[in-house]
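Here's a quick tour of a protein model, pitched for someone new to reading structures. Keep the 3D view open and click along as you go.

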Amino acid sequence: MKENNNMISLSVNGLLVKVPEGTTILEAAKQLNFRIPTLCNHDDLCVAGNCRVCVVEQLGGKSLVAACATPVSEGMQILTNSLKVRAARKHVIELLLSEHRADCTKCYKNGKCELQDLANEFCVGDHILLDLVEQREYTIDMFSPSIQKDDSKCIRCQRCVRTCEQLQGVNALTVAYKGNKQKISTFEELSMAEVICTNCGQCVNRCPTGALVERHYLDEVWDAILDPEKHVVVQTAPAVRVGLGEELGLDSGNRVTGKMVAALKRLGFDSVLDTDFTADLTIMEEGTELLTRLKKALVEKDTSVRLPMTTSCSPGWIKFIEHTFPEYLHHVSTCKSPQQMFGALAKTYYAQVRNLDPKNVVSVSIMPCTAKKYEANRPEMRSSGYKDVDIVLTTRELARMIKQAGVDFNKLKEDHYDSIMGISSGAGVIFGATGGVMEAALRTAYEIVTGKEVPFQDLNIIPVRGMEGVRLASVRIEGCKEEWSFLEGVELKCAVAHGLVNARKLMNGVKSGEIDVHFIEIMACPGGCLGGGGQPIPTNDEIRRRRAEAIYEEDMSLEYRKSHENPEIITLYRDFLGEPLGHRSHELLHTHYTERERY
């Protein structure tokens, strides 16, 4: 009876449906498999009702209503495709096009643009409105190495503003001016390279047009591959293997590791290697760093040791803490990210083993992340004597390369990564999901201290997994080796956050003393790297969950599931690095970060 009191009955295009009270017309129509177009609505964001493309007719109503912003009411009769609705939608699209630079064939989003799709769908051809594009001054901001902003493509739907505010809590983008002068801008209209922008690319993932896109470097990669004097090495991040298929016609949640490797070899890369290898290396360095900090704090009573220690794998998080919590920079692990560790080793260890001149080695990485483009350009990332990572491509850019080369991806036979920095463990793979770095670190740190596997079934540390914004977990350390006896009975307390709005909540909790932990993992993007700003579009909670499931499936399928058991990692330390946190490791694999102003 209670359920009936909370259910609302209405009809959509003559079909009856019952939905919970508070449901919007847009959501009710979806239940009957009616698609109502929209340009401002997004599953991850609050309702805005800005674009008015989703207007529908309510019988008996005085005017058309926005389906995304109007809750259902009892007995409501909705038409989603009446003459009034069709005419209104077509006029709204024409109005948007009158202010939009429609150079579609030259646009990076050609074929992937939501406005273009609607213009085709509603057969908007001859303009009945004046073209205002040439009468206004527009700017194209290309100063950021990660993101390009083109005001002439912007339809002011404000998805990017809501993303930056609600998902990330950064507020690098805002709405400026009113009326026909309204635009999406930054603080004092500075370039995106000069403001607090963390380069995460979440705005890019939600922009319906080409107003915000990643800076693309496809030609530079092709030039390197086709240069006979260059030896081009490519690394692939863990999240790419569970996203790439979506750009090439597969459903979300498909693992395409073997096909991806085969495609990269067909593109002409000289060596196809795995970022997961240096994810394992990160665990060796970062896990040792955590244990060293705990020893100094608990045994040596060294008050200079900063706890909790936070991970440093996410460049969006690093830029965020540099701006927002600079007083906590010494709490950040000194480890470089796996991408940058790989780059440093590619031009030292790899070049040495392969007898190559490092000046001829071009290091390319395929990342789910636009912030990695910024990270590769940081001045600190040249410890090899060269720029450690030369070029960063997103998952989307790799898919475009595969198409350009005419490779039929879905007919490829699976292949394997090359040797030397090509073998990885399942612990390296799960870096792609929120909580993965924490889980990988605990698998190794616990075993180093006790000589036993972490006490969770099949090594799956479920408490740190999931899509909750902030998660707290703890592991009691029991049965320590003699040299680690000071940790006997210690409850190692951990915290995990994903999305920068949750990072802010977690760090504010640490700052106030409400959250007391030893180790923190923060990923800038929702869901972690698998929800990165360079991943296939669209994205939502369900898609990110499927990608996470695929990552954990790959972990379970691998021969090695702990970073310290990776035989290539063992060889690397024996033949080149010496030991974790050793002199050479510090030179190549560790770095420092920079305090930045808030504005």
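Let's start with charge pairs: this structure holds 43 salt bridges. Keep in mind that you're looking at a predicted model. As a bit of background, side chains with opposite charges can pair up when their charged atoms get close. Below, we'll go through some of these pairs, then the overall build, then the pockets.

**Salt bridges worth clicking on**

- Find Asp-151 and Lys-183: their side chains meet in a salt bridge, with N and O 3.8 Å apart.
- Asp-151 sits in the loop between strand E7 (147-150) and helix H5 (159-167), while Lys-183 belongs to strand E9 (residues 183-185), so this pair ties together parts that are 32 residues apart in sequence.
- Is Asp-151 buried or exposed? Asp-151 is buried, because its relative accessible area is 9% and the cut-off for buried is under 20%.
- Its partner Lys-183 comes out at 21% relative accessibility, so Lys-183 counts as partly exposed.
- Lys-183 also forms a salt bridge with Glu-189, where the closest N and O atoms are 3.4 Å apart. Glu-189 is partly exposed too, with a relative accessible area of 40%.
- Next, look at Lys-411, which forms a salt bridge with Asp-408; the closest N and O atoms there are 3.8 Å apart.
- In that pair, Lys-411 is exposed, at 70% relative accessible area, whereas Asp-408 is partly exposed, at 40%.
- Some charged residues join up in a group: Arg-241, Arg-255, Asp-274, Asp-276, Glu-553 and Glu-554 are linked in a network of salt bridges.

**The overall build**

- The protein contains 20 helices and 18 strands.
- How does the radius of gyration fit with a compact globule, and what value does the protein have? A compact globule with 599 residues would have a radius of gyration near 25 Å, and the protein has 25 Å, so the two agree.
- Along its principal axes, the C-alpha trace spans about 80 × 65 × 50 Å.
- Buried residues make up 60% of the 599 residues.
- Take the contacts with a separation of 6 or more: 75% of them are between residues 24 or more positions apart.

**The largest pocket**

- The largest pocket holds about 1000 Å³ of space.
- Its lining is made of 37 residues, and Glu-114, Asp-117, Arg-159, Ile-537 and Pro-538 lie nearest the centre.
- Several elements give two or more residues to this lining: helix H2 (25-31), helix H4 (114-121), helix H6 (202-206), strand E10 (212-214) and helix H14 (395-404).
- Sorted by type, the lining of the largest pocket has 13 nonpolar, nine polar and 15 charged residues.

**The second largest pocket**

- This pocket has a volume of about 510 Å³.
- Which residues are closest to its centre? Of the 19 that line the second largest pocket, they are Thr-257, His-416, Tyr-417, Glu-554 and Leu-558. You've met Glu-554 already, as part of the salt-bridge network.
- Helix H9 (257-267) and helix H18 (541-557) each supply at least two residues of the lining. The largest share, three residues, comes from H9.
- By type, the lining of the second largest pocket splits into six nonpolar, six polar and seven charged residues.

Note on methods. Residues are numbered from 1 along each chain as its sequence is written. Side-chain values use heavy atoms; hydrogens and water are left out. On a 1 Å grid over the protein atoms alone, a cavity is a set of points where a 1.4 Å probe fits but cannot get out, and a pocket is an open set with protein on both sides within 12 Å along at least five of seven lines; lining residues have an atom within 4 Å of a point. Grid points are joined across faces, edges and corners, and a volume is the space filled by probe spheres set on the points. Helices (H or I, at least four residues) and strands (E, at least two) are DSSP runs, numbered from the N terminus. Ala, Val, Leu, Ile, Met, Phe, Trp, Tyr, Cys and Pro count as nonpolar, Asp, Glu, Lys and Arg as charged, and the others, Gly among them, as polar. A salt bridge is a side-chain nitrogen of Lys or Arg within 4 Å of a carboxyl oxygen of Asp or Glu. Buried means under 20% relative accessible area, exposed over 50%, partly exposed in between (1.4 Å probe, protein chains only). The radius of gyration is taken over C-alpha atoms; the globule rule is 2.2 Å times the number of residues to the power 0.38. Contact means heavy atoms within 4.5 Å.
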